[in-house]
Each structure stands twice: as structure tokens, then as C-alpha cells.
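Visitor: Could you walk me through this one and tell me what the labels rest on?
Guide: Sure, let's have a look together.

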Amino acid sequence: MGDFFTVELLTAVLRTATPLLFAALGGLLSERSGVMNIALEGFMLLGAFTAVAGTYYLHDPFLGLLCGALAAAAGAAIHAVWCISLRADQIVAGIALNLLGAGIPIFLMQRLWEQAGRTPSVEKLPMIASGVSILVPVAFLLVPVVWYLLERTKPGLRIQAAGEHPQAAESVGIRVSGYRYACVIASGVLAGIGGAFLSIGDLSLFTRDMTQGRGFIALAAVIFGNWNPLGTLAATLLFAGAQAFQVQAQAAGVGISADLLLALPYLLTLIAITGLVRHSRPPAGLGRHPTVD
Amino acid sequence: MSAVADRPRTNSSGWLRHLGLTVVSSAGAVAVALLLGALVILASGQDPVTAYRALLSGAFGDRRSIAETLVAAAPYVLGGLAFAVAFRAGLFNIGIEGQIVIGGLAAGLIGAADLGLPPVLFLPLALLVAALAGGLWGAIPGVLKSLSGAHEVITTIMLNYLAFRLLTYVLTKTESWLPVNPQLQATEPVQPAARLPILLERTRLHAGVIVAVLAALALWFLLYRTTWGYRLRTVGYSRGAAAFAGFSWGRVVTGAMFVSGVLGGLAGAGETLGLHGRQISAPQGYGFTAIAVGLVGRNHPIGVVLSGFLFGVLRSGATKMQNTAGTSKELVLVLQGVIILSVAAFASAGRLRAWWARRAQARQAPLGEATTIGVEPGSTPPV
Amino acid sequence: MPRAMTVSDDAAPLAVEMRGIVKRFPGVVANDGVNLAVRRGEIHALLGENGAGKTTLMNILFGLYHQDAGEIRIEGRPVRFQSPRDAVQAGLGMVHQHFMLVDRFTVTENVILGFEGTGTLRLDRDAAERRVGELAESFGLRVDPRARVEDLPVGMQQRVEILRALYQGSRILILDEPTALLTPQEVEELYQTLERLRAAGGTIIFITHKLREVAAISDRVTVIRRGKTVGTRVTAETTPSELAELMVGREVSLRVDRPPAHPGEPVLAVENLVVRGRGGVPAVNDVSFSVRRGEIVGLCGVEGNGQTELVEALAGLRAPESGRVMLKGRDLTGADPRTLRRAGLAYIPEDRHHRGLVLPFSLTENVLLGTSEDPPFSRWGCIDYGAAEETCERLMREFDVRAPSPDVPAAALSGGNQQKLIIARELLREPDVLLAVQPTRGLDVGAIEFVHRELIEQRERGRGVFLVSFDLDEILDLSDRILVIYQGRIVGEFVSGQVSRTEIGLRMGGRGGDERGGGQAAD
């Protein structure tokens with residue numbers, strides 16, 4: 001089965017990596033601008049559900065995708081208001097948004113279709129190849145885009161300054177909160193698209209808790225990738241690879257511990273953040289405000 | 001984070017007043033959330049009064065529903081205490097879900113073992129094993145933090161998922177040497193001698209609720225009557241003052257996380273030894289609600305008991321609300337999110353006010369306030 | 001785009017004029033009618049003790065604070081800045097004491113941040129690096145535009161701050177204590193840079209408290225004392241003694257009634273102590289002294305000369321590198337705070353809010369800080385809060401701590417009452433040695449008197465008092481013996497009453513006696 005196994009594995013890796021990559025790039029932007037974001041899971045769920053609802057009522061998966069992105073952006077805007085303007089605790093706000101992201105879709109699902117487990121099926125986004133949604137290449141193209149934005153543009157320099165040393169950024173007249181708002185909302189858009197990939201890119205419906213912790217794996221990828229787009233891509237591929245390989249290996253009856261492979265992202269992140277493997281370095285101004293309070 | 005915390009009290013009249021303040025300010029946050037919830041119900045075309053009435057009657061309507069409310073409250077209280085003790089030491093523990101899983105699993109494995117012990121020994125042993133397992137699991141982020149400064153929020157998230165994976169692994173792959181049933185994805189049933197006894201006949205109300213209340217009292221004593229608690233609270237408020245007093249930060253942080261894990265482990269044990277009679281595979285999500293319980297209870301043991309009870313009411317009443325008023329019980333999840341947001345907003349409102357006041361003062365201080373000449377303020381005024 | 005400093009031979013027109021500047025903070029007047037006139041193309045030193053109001057004045061000039069009264073003119077035009085960006089646009093640049101640099105950015109990225117130029121969104125790093133490199137070269141500022149700031153030594157980082165100001169088009173450069181963190185070689189290079197900038201027509205305001213620096217670099221000097229301008233001199237026409245007198249003042253302050261001392265045997269002896277500061281540099285270098293029973297030994301010096309590290313080593317908060325600390329003849333070098341406290345040391349820390357007190361704790365709980373493990377408050381791991389509360393009430397009565405009850409949080413108390421509580425708590429143990437650091441900082445007159453009386457009372461009871469203060473008056477009023485610390489070394493020891501303020505001022509500024517040249521990291 002040699003070649004077939006490889007192609008299938010590759011497709012599986014790409015499909016598994018895509019939603020993680022969207023969410024991770026979003027999380028990366030938010031954290032590089034200095035706002036902690038543990039709410040990616042909630043944003044993904046909002047995006048996944050609203051994409052289905054939008055497609056259902058507007059009869060167009062692309063409009064549905066737009067709806068999903070906007071809904072998650074709205075969630076992210078709440079996170080931004082709490083974290084940036086109200087200076088509320090960023091972890092507390094993130095936890096609240098995760099609960100909202102888990103609750104609102106099911107609440108609405110019940111309201112719209114009177115069922116709490118799953119939505120009706122809707123039209124999917126187009127495929128570019130067997131089992132490969134059009135969103136897959138988009139996700140991978142976003143990696144150089146985000147990299148270019150951060151490393152090669154003027155706004156990118158300011159985003160980094162906001163995340164590294166907000167006081168210094170303010171001292172040269174940069175409006176730190178403006179850049180942070182933009183980045184947090186962008187994180188919502190991207191995580192929402194990642195969620196929409198699950199619901200209308202891969203499947204064609206929304207089921208409750210369908211992200212199954214992918215938002216947290218995405219956060220782990222950001223940390224394991226050392227807050228850097230290319231590192232995050234590598235971490236995402238590693239995590240997705242482990243997961244896809246586990247599925248394939250199980251199907252092929254290869255004797256390898258599935259549980260260990262599935263635990264890999266968390267284990268590696270734990271090791272990375274404790275500095276046992278190499279120097280892990282979050283943005284220096286993460287969670288700090290430009291003025292002392 | 002400390003802004004959410006409240007001033008602890010020392011004497012009895014003091015903590016009574018403190019309790020009053022806690023209730024009033026947290027009640028504000030809950031009221032805001034319920035009001036928003038009512039708007040949501042209204043917007044979805046239903047009658048909020050009917051819905052909330054159904055919720056209340058679902059929680060208190062009869063003997064059985066009161067019992068269910070207490071059954072639901074028990075893990076919330078224990079989880080909320082787990083959050084609170086870490087918070088008092090200045091730590092944000094969101095790993096309670098993992099602690100519950102580990103504690104529950106340990107309780108399930110020891111409880112299903114045929115040890116031939118009488119209940120008077122077996123049950124305490126099972127609780128002890130669960131508490132220790134949860135405590136050791138909980139101490140990991142504390143150790144990592146004191147050794148390498150790793151942020152406990154990230155490490156506890158990762159440990160949650162590791163706990164889930166470990167649970168799946170044990171329940172599905174270890175039947176050769178552990179009392180588990182891979183078909184059911186659960187441990188074998190807990191021996192009767194290790195079960196938490198039922199308190200009220202023909203209900204599911206088990207002694208886990210007593211464990212929760214005793215744990216709250218014990219934690220109160222630990223925090224506000226012992227030198228250990230004093231050290232912990234000092235570290236939580238001020239690392240500088242803790243150093244001044246000669247307290248070891250790393251030891252206190254690890255100890256606080258251990259106790260947090262013990263409480264989380266007991267929450268899991270209550271579910272396993274009381275409610276389900278075995279450890280089941282699906283995490284129940286109590287651990288995340290526990291954060292809301294802790295925050296609404298202002299991270300004071302007594303406050304946590306009250307707020308855990310409130311969340312128990314929401315949970316047990318939600319089903320009836322859904323059945324009779326047609327309002328989805330997931331509204332409760334949404335309400336939890338809104339409650340946390342309003343608690344956070346309430347907390348930052350005070351801080352923001354203080355910040356604006358200082359800012360205004362620094363920019364243009366009122367005339368005639370000056371008494372001393374020639375001394376710059378001790379610290380740089382806010383810019 | 002970068003505007004180079006214009007060359008001007010005419011020294012007469014004023015670059016900066018500040019007239020009658022008043023700035024009040026709650027409880028203090030930081031600037032009380034300050035005048036400052038800086039000529040174009042000169043290096044103008046702003047000299048004063050800590051707390052004299054120099055930094056406040058410069059923060060006003062740079063738009064960080066707004067003055068309550070007074071007028072500012074830049075190059076003849078009246079200005080009122082809303083923000084630092086306004087000040088930058090008017091041609092001012094500031095080199096902060098704590099650099100405003102992003103560690104992970106390159107030199108170029110830091111220099112252009114916020115002023116990346118208009119046009120495309122693309123950041124043309126190569127072009128920017130060229131521009132920054134050329135600018136640096138034109139002012140002789142040797143620095144690699146591609147280097148990461150975190151990899152640069154402190155002196156080089158400061159150069160980046162100067163370069164940034166130049167890039168932003170500054171014609172008037174403010175440097176706030178620029179030598180505080182530099183090595184002697186780096187100080188020398190800074191002087192050369194400043195001279196080149198002056199030669200190019202730039203105006204420089206140089207904030208310092210070191211007399212030697214005034215003499216070494218400035219053309220003119222304005223001295224500020226207690227928020228007021230006391231004079232402006234041409235540097236070449238003045239002497240260090242005159243400046244020292246201007247800086248510390250001559251007037252006799254309210255004398256504290258202090259009977260003659262009858263010192264006994266030494267209770268605290270420090271021998272050849274070396275303590276490393278941040279960055280591993282010895283901040284305390286071979287310090288030896290002793291404190292006897294019944295005497296107050298005052299340590300004076302300008303802030304940042306190793307006092308913090310010395311105090312932390314004595315209090316058990318920082319392990320000394322070498323040397324010995326003896327308490328009542330017992331070697332307690334490197335002992336932890338609890339051991340030291342039990343051995344008879346009491347410590348009144350400089351930072352009431354972050355070290356001396358736990359602000360959200362009640363007064364009772366604060367009384368327990370440091371003694372929560374000891375009898376009579378602790379038994380079998382439990383705390384007897386009843387006993388603590390009784391003690392707290394007694395202390396509040398005895399030390400006149402004004403608070404409604406022992407139950408209110410320490411945060412609710414005024415600074416004076418907070419300090420009284422700390423002193424009361426520290427004296428509760430009947431200590432043999434009292435280590436008091438800046439014990440009156442930020443207090444009002446009444447509270448200062450109380451603290452001073454209490455320190456003398458402790459001396460009368462046969463305790464050894466080691467007083468560390470940046471306030472020379474306080475040292476002179478209270479001490480029986482005076483030690484002067486400069487750059488981590490004791491550079492003078494005097495018996496009270498046998499030394500002039502001027503002499504001490506010279507030593508504090510690094511002049512006279514066995515002073516060593518150059519600056520060093522002692523923060």
C-alpha cells in the first residue's frame with residue numbers, strides 16, 4: 001500500500017493542520033501585539049456554527065464563511081474591549097469567551113432547528129482536490145502573509161513594538177491600543193475561519209463541541225513555535241502529523257501508542273515552556289498595559 | 001488578577017461584614033448576567049419570567065430537585081475552592097478539570113479494587129488516594145513555576161489535555177492489570193464499601209456535599225487561622241513583603257497548587273464514589289465552571305460555598321427550564337460566560353476609576369494641597 | 001526625515017527658556033518657580049540632589065507632565081506640549097534614565113520606530129539601515145545598525161537613544177542622569193559624543209548630581225535645590241565647593257533635640273563586604289564599618305551608589321559575594337531574614353508599599369509580618385489572631401497610629417500612619433540593631449518628627465541604629481557618625497559636628513578624599 005498510504009497521510013495532515021493553522025496564526029497576531037488569547041477555542045466554535053447558519057439561510061457557503069468570520073470577530077471584539085479598554089484580566093476574559101463560544105451555538109441551534117446535537121447539513125465550500133478544501137491552500141498561504149506583515153511592513157514593526165514594550169511604543173507616539181484592537185479582532189476572524197473549515201470545509205454541518213480543544217492545540221502551536229509564524233507552522237504540522245499518523249496507523253494496524261501521539265502537542269508544549277528543550281520567549285509586553293496602573 | 005480578590009478578614013465580626021460585601025458585589029455581577037439572559041430569552045421569542053420560574057422550580061420545586069441541586073453544587077464548591085486557594089497565592093489555576101479527572105480516576109481505580117476493607121476504612125482510603133493523586137497532579141504546575149517561571153495558565157491548559165489523554169488510555173488499554181472496562185470506557189463499578197453513602201432516600205444526594213462543606217471549612221481554617229495560610233496569602237498579595245518576612249516563594253506556590261489539586265481531586269472523587277459509582281470517560285466540564293464559581297465567590301471559602309450553590313441551582317434548574325419553558329439549557333453556559341465577564345468588568349471598574357483619578361491628579365494637581373517642599377513623590381507618578 | 005543639527009556660531013539666542021515653573025503633586029511641590037535658560041549650542045548641566053526637582057522639570061519640558069504655572073519657550077516661541085510627540089516635533093529629544101528601547105529590535109528598528117516615513121506599507125530595512133548608518137557616522141556614533149539592542153552593552157544602548165533623537169530631528173537633547181549606568185570608559189565616550197553634537201550646533205541639557213561631571217562636560221550649570229533655582233554659573237568660573245554649597249544649601253534646618261551619645265560595644269559589624277548588583281557588577285565593594293550600641297550611624301550618598309544592595313545584604317534579602325556580617329558577635333553572613341530577625345535585627349524598609357506592608361492585609365495581619373511563625377502569635381502552626389489584634393491595638397495606642405480599628409486594611413492609612421505601624425512592629429521584638437532605610441520618605445512634617453524622635457529614643461535605649469538616607473539634612477540631624485558611600489565604597493567617615501556640609505557634599509559627588517574616578521553600574 002506504500003504510495004497510497006503516503007498520499008492519504010499527506011492529505012490527512014493538511015486537513016488536520018488547516019483549522020489549527022488558521023487559529024494559531026490568529027493567536028499569534030494577538031499575542032505578538034501583547035494581548036493574551038486563550039479564547040481561540042471559543043472563537044472557533046462561534047465561527048464554525050455561524051458559518052453553517054449563514055450557509056443555511058443565505059444558500060452560499062462563501063457568505064456562510066463570511067458570517068462565521070464576522071461572528072468570531074464580534075466575539076474577539078468583546079475580548080478586546082475587556083482586555084484593552086477595560087483592562088480586565090485577560091485570562092478571565094478568555095475563559096468567559098470560551099464559555100460563550102461553547103454555549104451560544106448550542107443555544108441558537110436549539111432555537112433555530114430545535115436540536116441540540118447537530119445542525120442540518122448544508123452546502124460545503126468547494127474542494128480543489130479529493131478531500132482538500134479550498135481553505136487548505138489559503139491557510140498555508142497565510143503563513144508567509146502573516147510573516148511578511150510582521151517582519152517586513154511598518155504596521156508589523158509597530159505591532160511588535162506594542163507587544164514587546166508598550167511604553168516605548170507610546171513614547172514615540174504609537175497608539176498601542178489601536179494596533180492591539182486590530183490584532184485581537186484579526187485573531188477572531190482567523191480562528192472563526194478555522195472553525196468554519198471544520199463545519200463547512202471538511203464536514204457540512206456543525207456538531208456541539210466540534211472543535212474538541214483545537215483552539216488550545218493552536219495556542220500550544222503558537223507557544224511551541226516560539227511566537228513566530230514559521231515556527232508555528234512547523235509546530236502545527238508536527239501536531240497535525242502526529243494526529244493524522246495516529247489515525248492512519250490505527251487503520252493500518254501499526255502498533256504504536258495512539259494515546260502518546262495524541263498527547264504529543266501538550267507534552268511538547270509543556271517541555272518547551274519550561275525551557276527544558278530550548279529558549280522559549282513570549283513577547284515581553286504580553287499582558288502589559290502601555291501605562292502603569 | 002489580584003483586583004478580583006478581596007480583603008480577607010481576621011475576626012469574626014469582620015468576616016461577617018466581609019461576607020455581606022462579597023454577596024452584594026457578586027450579586028451585582030450575577031444580576032447583570034441574569035438580566036442579559038432575560039434579554040436573550042426575550043430576543044429568542046420566549047417569556048423570561050416563565051423561563052426563570054421554571055428554572056427555580058426545577059432547582060427547588062420538590063425534594064428530588066433540591067437533592068439534585070445539592071448534587072450539582074458539590075463538585076462546583078470543591079472545584080471553586082481549588083481555584084480559590086491557588087488564586088489566594090497569586091496563581092491562576094485553570095487546570096481544575098484535569099485535577100478532577102485524575103482524582104476521579106484514582107478514586108475509581110482504588111474503589112473498584114477488591115480490597116475487602118470495611119466502609120469505615122475503604123471510603124476514607126479511596127478519598128485519600130484521590131486527594132493525593134489530584135494533589136500531586138496539581139503540584140506539577142507549581143513546581144514548574146517555581147523552577148522555571150513557566151506560566152501556570154499555559155501549563156495547566158496542557159496538563160488538562162494530558163489528563164484527558166491519560167484517562168482515555170487507562171480506560172481503554174489497561175484492562176489486563178487495572179479494574180477497567182474498555183467496552184464501557186469506564187472503570188469497573190466501585191465497591192459498595194467505597195461508595196459515598198446516599199443521604200436522602202430515593203434521590204441521588206450523596207455524602208459528597210458533606211465533603212464539600214467540610215473542605216470549605218477546612219480551607220477557611222487553613223487560610224485564615226494557620227501560619228501556612230498566612231504565608232500563602234502574603235505571597236499572593238506581595239512577593240516583596242513575603243521576601244521581607246523570609247517566606248520561600250517557590251515552596252508556598254507549590255504548596256498552594258498541591259492543596260488546589262487535593263480539592264480538585266476530591267471533586268472528582270465525589271463524582272466517582274458518589275454520583276456515578278465508577279469513573280466514566282467524558283469530562284464533565286466542572287473544572288471550567290469552577291473558575292466562575294471561584295471568581296463569583298470572591299475566592300473566599302464561604303463565598304465559594306454560596307456561589308457553588310448558585311451554580312448548582314442554575315445547572316439543576318436548566319433541565320426543567322428547557323422542558324417546560326422551551327428555553328435551551330445551554331443558556332446556563334452563556335450565563336456563566338456573561339457572569340464572568342461582568343465580574344471582570346466590576347473588578348476593573350474600580351481599578352480604572354483609581355487609575356483615572358491618579359492620572360488626573362498627576363496631570364493637574366489641585367492648588368493648595370501641597371504641604372512639603374522639595375521632595376519628589378516616592379515613586380514616579382503615572383505618565 | 002532626519003534633520004541634522006544646524007551649525008550655529010551664535011551662542012547668544014536661547015534654545016530653551018523655562019520661567020517660573022511650578023508643579024505640584026499631591027502633598028508636595030516638586031517645582032516651585034524654577035527658572036532655566038539654556039543657550040543654543042551649549043552643554044548645560046542641571047545639578048541638584050535627588051528629589052530636588054530636576055527630573056520633574058525635564059518631564060514638563062518634554063510634555064510628559066503639564067506645569068501648574070510658568071512659561072516655556074523653545075527657540076523663542078512659547079509652547080505648551082500635550083505629549084512627547086509634540087515636544088519631538090518642536091525639536092526636543094530625550095534620553096531617558098531607563099531606556100525606552102525594544103530589546104529584541106535591531107538598532108535601526110528602534111531608531112525609526114514611530115517615524116518610519118510615509119508612503120508604502122513596506123518597511124525598507126536596507127534603506128533604513130543605510131540612513132541610520134550614515135546618520136550615526138556623521139555624528140561619529142559608532143554603532144552597528146543591524147545589531148540587536150539586547151546584545152549591546154549599556155553604553156551602546158544609550159547611543160541608540162541619542163541616535164534616535166537625532167533621527168527624529170532633535171536640536172535640543174535632554175539627558176537624564178546619563179552616566180548612572182555607564183562604565184568609566186563609556187562615560188568618556190559619551191562626553192566625546194556630546195562634544196561632537198555641540199560642535200554641530202546642538203544644544204544639550206545634562207541632568208546630574210555629580211560635581212565631577214559638571215566640571216568635565218558642561219559650559220554652564222544651573223543648580224536646583226528643593227524645587228527652586230538657586231543659581232546659574234559659567235562652569236569655568238565656579239568651583240566644586242561653590243556648587244556643592246549651592247546644591248546642599250547652607251541654612252540650618254530644624255534641629256532635633258539630641259543629647260550626646262554614649263556608645264557601647266559594637267552590635268553590628270560589617271567586614272570587607274562585597275555584594276553584586278544586577279548584571280553581576282559589584283555594587284558594594286569592600287565595605288567595612290560597625291554600629292555600636294547607643295549610636296546612630298548615618299549612611300549618606302546619592303541614590304544608586306550601592307545603598308540598596310548593602311541594605312538588602314544586611315537584611316538577608318541578597319546573598320553577599322564575600323565579606324562578613326556580624327550581629328552581636330555572631331557571624332550571620334548570608335542568613336535569611338527570619339534568622340536575622342530572631343537574632344535581633346529590625347528592618348524598616350525603604351518601600352513601605354511593596355516590602356514593609358501587605359496593603360490589602362488588615363493592620364493586625366501586618367503586625368504579624370515577619371513574626372507570624374514565632375510565639376506569642378503562633379502555636380502548633382496556628383496563628384492566634386486574638387493575641388495579634390490585642391498587640392496591634394496596643395501598638396496603635398503607643399505609637400499613635402490613627403485608624404478606626406485594627407481591622408482596616410493598611411492601604412487605607414496615610415503614609416505617616418503606615419510608617420508608624422511598621423516602626424511599631426519592628427520595635428516589638430526589642431531588637432538590638434535597627435536598620436532604617438529612608439524612614440521618612442514621602443512623609444509629612446509631623447510624621448517626620450515622630451520618626452526622628454523614635455530613632456533617637458531607640459539610641460537612648462542602647463540600640464544600634466543604622467540609618468540610610470538620601471536626605472543629607474536627615475543624616476546630619478540624627479547621626480552620631482556619618483559614612484559617605486560613593487560607587488559602592490565608603491569614601492568618608494566623619495564624626496557628627498566635625499564636618500561641613502560642603503565636605504560631605506563633595507564626597508557624595510565623588511570629589512575629595514580617597515575618591516576614585518569614573519562611574520560604574522550601581523543601580
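**Two helices and their chain**

Guide: Helix H2 (residues 40–58) of chain A packs against helix H4 (residues 90–113) of chain A at an angle of about 20 degrees, and their axes are 7 Å apart. This is a predicted model, where local features need pLDDT of at least 70, side-chain atom pairs count only at 80 or more, and totals for chains, interfaces and linings use all residues. Residues are numbered from 1 along each chain as its sequence is written, with chains lettered from A and ligands numbered from 1 in the order written.

Visitor: What makes H2(A) roughly parallel to H4(A)?
Guide: Angles under 35 degrees between N-to-C directions get that label; this one is about 20 degrees, so H2(A) counts as roughly parallel to H4(A).

Visitor: Which residues of H2(A) make the contact?
Guide: Among them are Phe43(A), Leu46(A) and Phe49(A). A contact means C-beta atoms, placed from the backbone, within 7 Å.

Visitor: Why is chain A called as compact as a globular protein of its length?
Guide: The globule rule is 2.2 Å times the number of residues to the power 0.38, and the radius is taken over C-alpha atoms. For 293 residues the rule gives 19 Å, and chain A has a radius of gyration of 19 Å, close to that, so the label fits.

Visitor: How much of chain A counts as buried?
Guide: 59% of its 293 residues, where buried takes 20 or more other C-beta atoms within 10 Å of a residue's own.

Visitor: How many residues of chain C are in contact with chain A?
Guide: 15, and they meet 16 residues of chain A.

Definitions and conventions: Contact = placed C-beta atoms within 7 Å. Axes fitted to C-alpha atoms, helices over the stretch in contact; angles between N-to-C directions. Helix = DSSP H or I, 4+ residues; strand = E, 2+ residues; numbered from the N terminus. Parallel < 35°, antiparallel > 145°, perpendicular 65-115°, else oblique. Buried ≥ 20, exposed ≤ 12 C-beta atoms within 10 Å, placed from the backbone.
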